[in-house]
Amino acid sequence: MSANPHIVDAETLRELSGKRNRSAVRRWASQQGIRVKDGKDGPWTTQEALNAALGVGSANDDAYDPDKVL
């Protein structure tokens, strides 16, 4: 697990997806709408990206939309 609580590391993505292969994890993430980046241990993402894919969190809350707040 990453020291940064916002980072979802490659091992966690493997656990979530049930996949072991880097490309399989990447495909799974894409199918789920999760944006990932490549790292030395495999694909990684952020908690915010997972929340956005699930439709929850500040990225999907109009109260946090800077265009609507200002």
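Contact means heavy atoms within 4.5 Å. Axes are lines fitted to C-alpha atoms, for helices over the stretch in contact, and angles run from 0 to 180 degrees between N-to-C directions. Helices (H or I, at least four residues) and strands (E, at least two) are DSSP runs, numbered from the N terminus.

This is a predicted model: local features need pLDDT of at least 70, side-chain atom pairs count only at pLDDT 80 or more, and totals for chains, interfaces and linings use all residues. Residues are numbered from 1 along each chain as its sequence is written, and side-chain values use heavy atoms, with hydrogens and water left out.

**Exercise 1. Take stock of the fold.**
Count the helices and strands, then write their order along the sequence.

*Solution.*
Step 1. The protein has 4 helices and 3 strands.
Step 2. Along the sequence, the pattern reads β-α-α-β-β-α-α.
Step 3. Turn to burial. Buried means under 20% relative accessible area, exposed means over 50%, and partly exposed lies in between (1.4 Å probe, protein chains only). Of the 70 residues, 24% count as buried.
Step 4. Now look at contacts with a separation of 6 or more. Residues 24 or more positions apart account for 34% of them.

**Exercise 2. Assemble the sheet.**
Work out the strand order and the pairings. Two strands pair if DSSP finds at least two bridges between them.

*Solution.*
Step 1. The 3 strands form an open sheet in the order 1-3-2, with antiparallel pairing.
Step 2. Strand 1 and strand 2 (37–39) are the edge strands; each pairs on one side only.
Step 3. Strand 1 is joined to strand 3 by 2 bridges. Val8 stands opposite Thr45 in strand 3.
Step 4. Strand 2 pairs with strand 3 (residues 42–46) over 3 bridges. Here Lys37 faces Trp44 of strand 3.
Step 5. A hairpin of 2 residues links strand 2 to strand 3.

**Exercise 3. Lay helices on the sheet.**
Which strands does helix 3 lie across, and at about what angle to strand 3 does it run?

*Solution.*
Step 1. Helix 3 (residues 47–54) lies across strand 1 and strand 3. Its angle to strand 3 is about 75°.
Step 2. Try helix 2 as well. Helix 2 lies across strand 2 and strand 3, at about 30° to strand 3.

**Exercise 4. Find the buried face of helix 1.**
List the buried residues of helix 1 and explain how they are arranged.

*Solution.*
Step 1. The buried residues are Ala10, Leu13, Arg14 and Ser17.
Step 2. Seen down the axis, they fall within an arc of 105°, so they line one face of helix 1. The arc is that of the directions from the helix axis to the C-beta atoms.
Step 3. Recall the general rule. An α-helix has 3.6 residues a turn, so residues three or four places apart point the same way.
Step 4. Their cover includes strand 1, helix 2 and strand 3.
Step 5. Just after helix 1, Gly18 has a positive phi of about 80°.

**Exercise 5. Repeat for helix 2.**
Name the buried residues of helix 2 and the exposed residues on the face turned away from them.

*Solution.*
Step 1. Ala24, Val25, Trp28 and Ala29 are buried.
Step 2. They sit on the same side of helix 2 because they cover an arc of only 135° around the axis.
Step 3. The face turned away carries the exposed residues Arg27, Ser30 and Gln31.
Step 4. Helix 1 and strand 3 are among what covers the buried residues.
Step 5. Gly33, just after helix 2, takes a positive phi of about 80°.

**Exercise 6. Trace the core.**
Which residues make up the largest nonpolar core? A nonpolar core is a set of buried Ala, Val, Leu, Ile, Met, Phe, Trp, Tyr and Cys residues joined through side-chain atoms within 4.5 Å.

*Solution.*
Step 1. The core has 8 residues: Val8, Leu13, Val25, Trp28, Ala29, Ile34, Val36 and Leu50.
Step 2. Helix 2 (residues 22–32) gives the largest share, 3 residues.
Step 3. Follow Val25. Beyond neighbours within four places in sequence, Val25 contacts Leu13, Arg14, Ser17, Lys19 and Pro43.

**Exercise 7. Compare two residues.**
Is Ser17 buried or exposed? Then classify His6.

*Solution.*
Step 1. Ser17 belongs to helix 1 (residues 10–17). Ser17 is buried, because its relative accessible area is 13%.
Step 2. Leaving aside neighbours within four places in sequence, Ser17 contacts Val25 and Trp28.
Step 3. His6 lies in the segment before strand 1 (7–8). At 43% relative accessibility, His6 is partly exposed.
Step 4. Not counting residues up to four places away in sequence, His6 touches Thr45, Thr46, Gln47 and Glu48. His6 and Glu48 are 42 residues apart in sequence, yet 7.2 Å apart in space, C-alpha to C-alpha.
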